[in-house]
Amino acid sequence: MAPAAQKVRQTLAMLVLNAGRVVPFEQLMEELWNDSPPASAHTALQTYVYQLRKRFSLGNPRSGGAVRAAGPLLGTVDGGYQLSLPAEHVDVFRCEPLLARAGAEFRAEDFARARDTAAAALQLWRDDALVDVRKGPTLKAEAVRLKELRTSAHHLRIESDLHLGRHHEVLGELTSMAGREPTDERAQGNLMTALYRMDRRAEALQVYRRARERIATELGLDPSPQLESLHRAMLTSDEVLLRPAGRLTAVTAVTRAPCHLPAPRERLTGRAGQLARITAVLAGPAREDRPLVIVGGAPGTGKSELCLHAAHQVSGHYPDGRLYARLRDGAGRRVRTAEILRSFLRGLGATEEQLRLNTTDLSLLFRTWTADLRVLVVLDDVCDARDLTPLLPSGAGCGVVIGSRRRLFVSSSAVHVELAGLPFADCLHLLASSVPSHWGTMDPEGLRRLARLCRGLPGVLFAVAAQLRRRPHWTARQATAWVLASGGAEGDALGVRAGFGRTFAALPAELQPLAYALLSPGVPDRLTPALVATTLGISGQRAEDLLEELAESYLLRAQHPCVNGRFSYEWEPGTRPFAARPNSAPVMCSA
């Protein structure tokens, strides 16, 4: 067991990297002791927090108690701890926006500003992040992410220098970087470019040969098309390589690597453990098989947001592109596979003639192109494993994230992450932190009732928070009345009914009216095959098939133990209040 001082540092790292967010007790204990915490774990954790408060004068406020007006604060809230710390006090929170700005400046071809901004981001680093901290599962994943963040900043600064014609100035730095990372094609390509610009073509070609051998030996792969393109340009003495602003500098191909990922809409709350697990899979050591993660859960549990947050965090591991598609439209109808493939291939540089191929040939072309690439593919609103086959990249260096509306089997090596509703403490924190100006009008008990009404669904919580931002004069009672009224409204004031509608629309057409009928007010919450058969006038076997179909779609939850070989089922939290259509009228939608 590690000395207590190491665990204090580990606890501090967890709190700082999650500054402003509640870190649950369970997540801290998992980080400190993995899956085998001692009986005294909770007491030990309290001791570590006490030492941090004493060492850094962080106070000891509890939710509902007096709060200091200013300064860092380590608070105890329901279910965990929260470190209140200005973002400018945490280097990584300062680095990320600088790097995002540098990337935007680089894409706008303002290379001088991009260089200065990336250099400012690098000045925040003194060594590898968390190098002197013992790391459990969460901090290990975070250390990998931070290393990639620093490497991205370094590459961006060097590539800006190359665009500015400073190849002499960066040659020594590039030689050292390429030596440390012999399979990093971005570093090798940048070194080749600098050498070529200095009229040292033979040495540049030698760098390529060494890189090709190391990539083949260590990864079992050929160089990427981008590095091969740079190599061919040097063999043919392409004059564009001599121009500082030429498009073939570094490893950049003629077409820029696509990034189709939408930006996440909200900060994640209560999903740190799941996020760490996903990023660890996608950003972990090289594997023989393609990393594939399936995120499932009931409507409104935040699957899409979690997928996007994870994809953005690991994007540095997939330099050849980040592709995104939803497989269902807003009405729950399938999006044509050919349409998605054309979007992917267009981003990867396909010609208009290639894009006119049929669906089968488009899929074959996509697999061929991704065989040697490192591309991340994010597929959301998935309801059928058969829809996935044409859309999966073939290369072992690629990664796949799937947001699924039903339980799927895609591969025995797939990692499954299932989301339930947020714990009550996280719901309370999310509401309170989203609308801090309402503390004067929100009595504690009223806020708790409002949080309970949201049923642990992030989508509902953010909709309520948005309404309170628009109406800062509202009290908890008025917000509660609005939520209750939204459940029976003709529209979708909370913005979550559409998500339930898409899940119901994905059910087999003949089962949709039966499923909606079970949402009627007179039907009990607890369902059994016998009760459903009697209520709907169908056979017992068909009733059981219907219940299992709803359970596979994350709308019902089977209850244990089963009695006489039959399960009973209950609706997932939020389904009945938020999914029922006006007057409980069934709506037939194309599956």
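Why is the sulfur of C454 not in a bond with the closest cysteine sulfur? The distance gives it away: the closest cysteine sulfur, in C427, is 7.1 Å off, too far for a bond. Keep in mind throughout that this is a predicted model.

**View 1. C427 and C454, two cysteines without a bond.** Here we zoom in on the pair from the opening question. C427 is in no disulfide, and the nearest cysteine sulfur to C427 belongs to C454. A disulfide would need the two sulfur atoms within 2.5 Å, so 7.1 Å rules it out. Searching the whole structure turns up zero disulfides. Both cysteines are tucked away: C427 counts as buried because its relative accessibility is 2%, and C454 counts as buried because its value is 0%.

**View 2. An open sheet of five strands.** Follow the strands across and you get the order 5-6-7-4-8, with parallel pairing. At the edges sit strand 5 (322-326) and strand 8 (415-419), each pairing on one side only. From one strand to the next, the twist averages 15°. As background, strands of a sheet pair through backbone hydrogen bonds, either parallel or antiparallel.

**View 3. Strand 4 beside strand 8, with helices on the sheet.** Strand 4 covers residues 292-297 and pairs with strand 8 in the parallel sense, over five bridges. To find your place, look for V295, which stands opposite V417 in strand 8. Helix 11 (residues 272-282) lies across strand 4, strand 6 (376-382), strand 7 (399-404) and strand 8. Helix 11 runs at about 160° to strand 8. Helix 13 (residues 337-347) packs on the sheet too, touching strand 5 and strand 6. The direction of helix 13 makes about 160° with that of strand 5.

**View 4. Strand 3 and its two partners.** Is strand 3 (residues 80-84) enclosed or open? Four of its five residues are buried, so strand 3 is largely enclosed by the rest of the structure. Strand 1 (residues 22-24) pairs with strand 3 in the antiparallel sense over three bridges, and V22 stands opposite Q82. Strand 2 (residues 73-77) also pairs with strand 3 in the antiparallel sense, over five bridges. There, T76 stands opposite Y81. Strand 2 and strand 3 form a hairpin with two residues between the strands, and G79 takes a positive phi near 90° in this hairpin.

**View 5. The largest nonpolar core.** This core has 51 residues. Those with the most contacts inside it are V464, L494, F504, L518, V532, L550 and W571. Helix 18 (residues 458-470) supplies the largest share, seven residues. Now pick out V464: leaving aside neighbours within four places in sequence, V464 is in contact with L431, L450, C454, W482, V483 and L494. C454, one of these contacts, is the buried cysteine of View 1. Another core lies apart, with 45 residues, including A19, V23, A102 and L124. In soluble globular proteins, nonpolar side chains tend to be buried together.

**View 6. Where to trust the model less.** The mean pLDDT of the protein chain is 83, and 89% of its residues reach 70 or more. Over residues 245-255, though, pLDDT stays under 50, and the model has 36 contacts there beyond four places in sequence. Residues 582-591 are also below 50, with 23 contacts in the model beyond near neighbours in sequence. Where pLDDT is low, the predicted coordinates should not be read in detail.

Terms used:
Residues are numbered from 1 along each chain as its sequence is written. This is a predicted model: local features need pLDDT of at least 70, side-chain atom pairs count only at pLDDT 80 or more; totals for chains, interfaces and linings use all residues. Side-chain values use heavy atoms; hydrogens and water are left out. Two strands pair if DSSP finds at least two bridges between them. Axes are lines fitted to C-alpha atoms, for helices over the stretch in contact, and angles run from 0 to 180 degrees between N-to-C directions. Contact means heavy atoms within 4.5 Å. A nonpolar core is a set of buried Ala, Val, Leu, Ile, Met, Phe, Trp, Tyr and Cys residues joined through side-chain atoms within 4.5 Å. Buried means under 20% relative accessible area, exposed over 50%, partly exposed in between (1.4 Å probe, protein chains only). pLDDT is the predictor's confidence in each residue, from 0 to 100.
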